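User: Please take a close look at the aromatic pairing in this model. I would like one connected account, with the setting around it.

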Amino acid sequence: MLLLCAGAQAQTEISDYRPGVTPEGAVYFLPKTVLRFVVQVEKTTYTPGDFCKYAGRYLRLDNVSDEPATRYRVTSIKMDTYGEADKTKAFAVKFNAKSAASNVALADDGTLLAVNAEPRRLQAPAAFRPAPKPKRPNPRSFLSEEVLAAGSVAKMAELTAQEIYDIRDSKNYLNRGEADYMPKDGEQLRIMLANLDRQDKALTSLFAGTETKDTAEYVLTLCPQRGMQRQVLFRLSQKLGLVDSDDLSGAPYYITVTDAQNLPEAAPQAGDGKKKKDKQEGIYVNVPGKITVTVSDGASVTDTFDASAAQYGYAELLSGELFNKRYTTHLTLNPATGGIEKLEAEQPK
């Protein structure tokens with residue numbers, strides 16, 4: 001019984017397949033192309049002013065709401081690509097005395113980047129940094145003593161409106177050169193006009209309200225596949241901003257991926273057994289296809305992008321003759337597509 005229990009505990013260990021480089025050879029993946037969208041969404045927050053109910057009466061401002069509101073809109077959509085390991089494209093290369101393909105560079109996920117060359121790595125997008133908000137002056141700091149001493153909100157609004165009209169008259173007199181105390185030079189005139197304009201805007205905000213704008217950036221990733229038509233990329237809610245693609249509170253933004261090249265499959269090449277053997281000892285690379293990515297809001301197209309994608313092409317085998325000892329071949333692949341970016345041979349001296 002003890003022997004049976006010990007045998008039952010001796011289980012087979014199963015681990016994930018991990019590519020890598022060993023002294024005997026290398027096992028690698030070719031990449032598939034992933035689309036990365038950077039979406040900037042602007043949030044506008046409206047705050048009604050203290051005298052919003054009197055905006056039409058005293059300043060002739062129509063459609064001024066007395067309720068706070070928030071709305072969102074997409075200001076820009078940018079797209080770039082990067083690569084991740086395609087588990088369906090795993091290959092092995094064996095190092096031997098006749099091969100010069102011994103310096104193989106792999107990414108962290110096992111994707112082939114270069115052979116006998118320095119790999120090129122894609123730069124990560126810079127972190128989004130919103131612009132600093134300008135400090136908004138407090139409009140109540142510009143109210144006169146007479147306004148503050150008024151007995152009702154209606155009277156305060158009336159006196160504030162009269163103050164606004166006086167400020168605008170002063171700006172007109174300065175611009176025409178008819179003011180009682182004209183500045184001595186242009187710089188002094190600019191400063192006086194700027195101060196009057198700041199007071200005008202601050203006091204007018206008591207009637208028209210204020211709007212504050214904030215911009216947020218969202219990064220969305222999507223792996224395109226053939227036949228992708230009008231798939232929901234994200235949704236935008238006027239009250240909640242950018243929401244998930246399955247959140248029906250927002251209006252959908254669709255993505256359509258079109259094969260712009262229609263590459264044919266690689267045709268097998270005729271040859272004797274020796275050439276076939278050399279091909280088996282070569283390096284597989286991607287021949288990416290061209291795609292057109294269209295983003296629309298349902299009513300119209302908002303953005304169109306052109307890119308290369310590994311999924312819309314095929315894998316090709318570089319002959320082992322390129323990596324024999326007669327000359328050293330330097331191969332650099334595009335990290336996003338797995339296609340040949342640079343291929344050169346170093347002739348023997």
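Analyst: Rings of Phe, Tyr and Trp, the last by its six-membered ring, count as a pair if their centres lie within 6.5 Å. By that rule, a search of the whole structure, a predicted model, finds 6 aromatic pairs. Take Tyr 28 and Phe 91. Their ring centres are 5.9 Å apart and the planes meet at 40 degrees, so this pair is tilted. Planes under 30 degrees apart would count as stacked, and over 60 as edge-to-face. The pair links distant parts of the chain. Tyr 28 sits in strand β2 (residues 25-47), and Phe 91 in strand β3 (residues 69-94). In sequence, 63 residues separate them. Tyr 28 and Phe 91 are both buried. Tyr 284 joins the two in one aromatic cluster.

Now the setting. The protein chain has 6 helices and 13 strands. Of its 349 residues, 37% count as buried. Among contacts with a separation of 6 or more, 72% are between residues 24 or more positions apart. The chain exposes about 21800 Å², and carbon and sulfur atoms supply 50% of that area.

For a charged residue, turn to strand β7 (residues 231-237), which holds Arg 235. Arg 235 is buried, yet has no salt bridge. The nearest side chain of opposite charge is Asp 246, 6.8 Å away. A polar atom of the Arg 235 side chain does lie 3.1 Å from the backbone oxygen of Gly 250. Beyond its neighbours within four places in sequence, Arg 235 is in contact with residues including Leu 242, Val 243, Asp 246, Leu 248 and Pro 252.

Methods: Residues are numbered from 1 along each chain as its sequence is written. This is a predicted model: local features need pLDDT of at least 70, side-chain atom pairs count only at pLDDT 80 or more; totals for chains, interfaces and linings use all residues. Side-chain values use heavy atoms; hydrogens and water are left out. Helices (H or I, at least four residues) and strands (E, at least two) are DSSP runs, numbered from the N terminus. Buried means under 20% relative accessible area, exposed over 50%, partly exposed in between (1.4 Å probe, protein chains only). Contact means heavy atoms within 4.5 Å. Accessible areas come from the Shrake-Rupley method with a 1.4 Å probe; for residues, only the protein chains shown count as cover. Lys and Arg count as positive and Asp and Glu as negative; His and the chain ends are not counted. A salt bridge is a side-chain nitrogen of Lys or Arg within 4 Å of a carboxyl oxygen of Asp or Glu. A polar contact is a pair of N or O atoms within 3.5 Å; within protein, one must be able to donate a hydrogen and the other to accept it, and residues adjacent in sequence count only if both atoms are side-chain atoms.
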